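Q: Could you take me through how helices pack in this structure, giving the reasoning behind each term you use?

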Amino acid sequence: MFEAAWADFQANIWFYLSMPLVAGAIGYVTNVIAIKMMFHPLEFVGIKEPWLGWQGIVPRKCAKMARIACDTMVPRLITEKEIFSRLNPAEVAKILGPPDHEQLRALVDDIMREHNPELWALLPERVKDMAVRRVRIDNEAVVTRILNGMVDEIEHVFDLKEMVVEALMRDKALINRIFLETGKAEFRFIGHSGFYFGFLFGLFQMVGWAFFKTDWQLPVFGLVVGYLTNFLALKMIFRPQKPTRVGPFIVQGMFHKRQTEVARDYSRLVADEVINPSNISEAVLKGPRRDYAAGLVGRFLRDEVNTQLGAAKTAVLAAMGRDRFHAAQDAAADYTVERLPELVRPIDAYAKEAMNLGETLSERLASLPPDEFEGMLRPAFKEDEWILIAVGAALGFVVGVLQLVVFKLIAV
């Protein structure tokens, strides 16, 4: 039997030698395709969703992934109150600067022409300018009250989880980027390990084919190679979670071994692209809770105007009438609230530095226990990993059939 197998090996040496290489190629290609299928396409492509077609697992489940990540992030790593508490009102007021006199004058002109045109038309320009200067806002006082008010009533003003989920839902390519950049080493390992495992299995396949030539052997072996290379690569990335001695070696899942590096890359991307000052101000001032935030800002602005008027408020009320005065106050507050997204833009650079979210998230994420750390990134697509493994097995089976056809054609 050995002599016959050796004679066949010599007669078909190139076919036999190709088996480990083909098995390695199967392992590599199936693993790379599995990675691609995790992230692409961004939208469903096919005939009938979700059965006849495909959408990348990550973009399909981006909302679920974002919520799972946020369940760990808030309040375990950061809270809304902590974010706002890091802003120094004096520094914010300094950056914003005092209201521009010309713009303030134009605003007062518009409001007074609408709410008390007769009185405003009778006043000399000098008096109008004095009135404008009288209601100049003390920036630091207003900013302090607004920021403190937001911290005190943060649950009504800002929901970090809500903001993160909506940001990632709007931009599915962004969540792909977060995973791909954070796990670049792991995904590279999946591809390379597919070739190494496949090559190793191919050596057994070569020996088996020399002794037992059955038509089912190559297709089944291709299926096994496609299945095991994906399965083992995923296992080696996440298991074991903690350093474990195996004989003379200490082994640990790649993802957990790189926890500090992964935490740094993940936190940098999240802080730069998702939880940044621009998105936060957008969520507060234009999000679903904007009415409460606008009411809070308007309330403090009205209080500040009353403070600045002081004793003159009685005379103003007498001249304008209580209803007109309050209507003018509301109009001024509404105008300011409407322009807030534009007004606060200059503080973005300072806010990013003061909040220091990238470093904060990185330090706290790096110190999470292994199960919580893995829980931020894996569970949402773990339930569909079987699909990727099954695809690898199916592709391996197809290549095995092609191998069989080739052998039948060249066999001597």
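Q: Which hand does the crossing of α13 and α17 have?
A: In this predicted model, α13 passes α17 in a right-handed crossing.

Q: Why is α13 called roughly antiparallel to α17?
A: The axes of α13 (residues 172-182) and α17 (residues 259-273) lie 9 Å apart and make an angle of about 155°. Angles over 145 degrees count as roughly antiparallel, and therefore α13 is described as roughly antiparallel to α17.

Q: What makes up the contact between α13 and α17?
A: From α13, Leu174, Arg177, Ile178, Glu181 and Thr182 take part, and they meet Val262, Asp265, Tyr266, Arg268, Leu269, Val270 and Glu273 of α17. Sorted by class, this contact of α13 with α17 comprises six nonpolar, one polar and five charged residues.

Q: How do you know that the buried residues of α22 are on the same side?
A: In α22 (residues 348-355) the buried residues are Tyr350, Ala351 and Met355. Because they cover an arc of only 120° around the axis, they are placed on the same side of α22. Ala349 and Glu353, on the other side of α22, are exposed, a term that requires over 50% relative accessible area.

Q: What do the buried residues of α22 pack against?
A: Their partners are α5 (80-85), α6 (89-96), α18 (277-286) and α23 (357-366).

Q: What is the sign of phi at Asn356, the residue that follows α22?
A: The phi of Asn356 is positive, near 50°.

How values were computed. Residues numbered from 1 in each chain as written. Predicted model: local features only at pLDDT ≥ 70, side-chain atom pairs only at ≥ 80, totals over all residues. Heavy atoms only, no water. Axes fitted to C-alpha atoms, helices over the stretch in contact; angles between N-to-C directions. Helix = DSSP H or I, 4+ residues; strand = E, 2+ residues; numbered from the N terminus. Parallel < 35°, antiparallel > 145°, perpendicular 65-115°, else oblique. Left-handed = near helix turned anticlockwise from the far one by under 90°. Contact = heavy atoms within 4.5 Å. Nonpolar A, V, L, I, M, F, W, Y, C, P; charged D, E, K, R; others polar. Buried < 20%, exposed > 50% of the residue type's maximum accessible area, 1.4 Å probe, protein only. Arc of directions from axis to C-beta.
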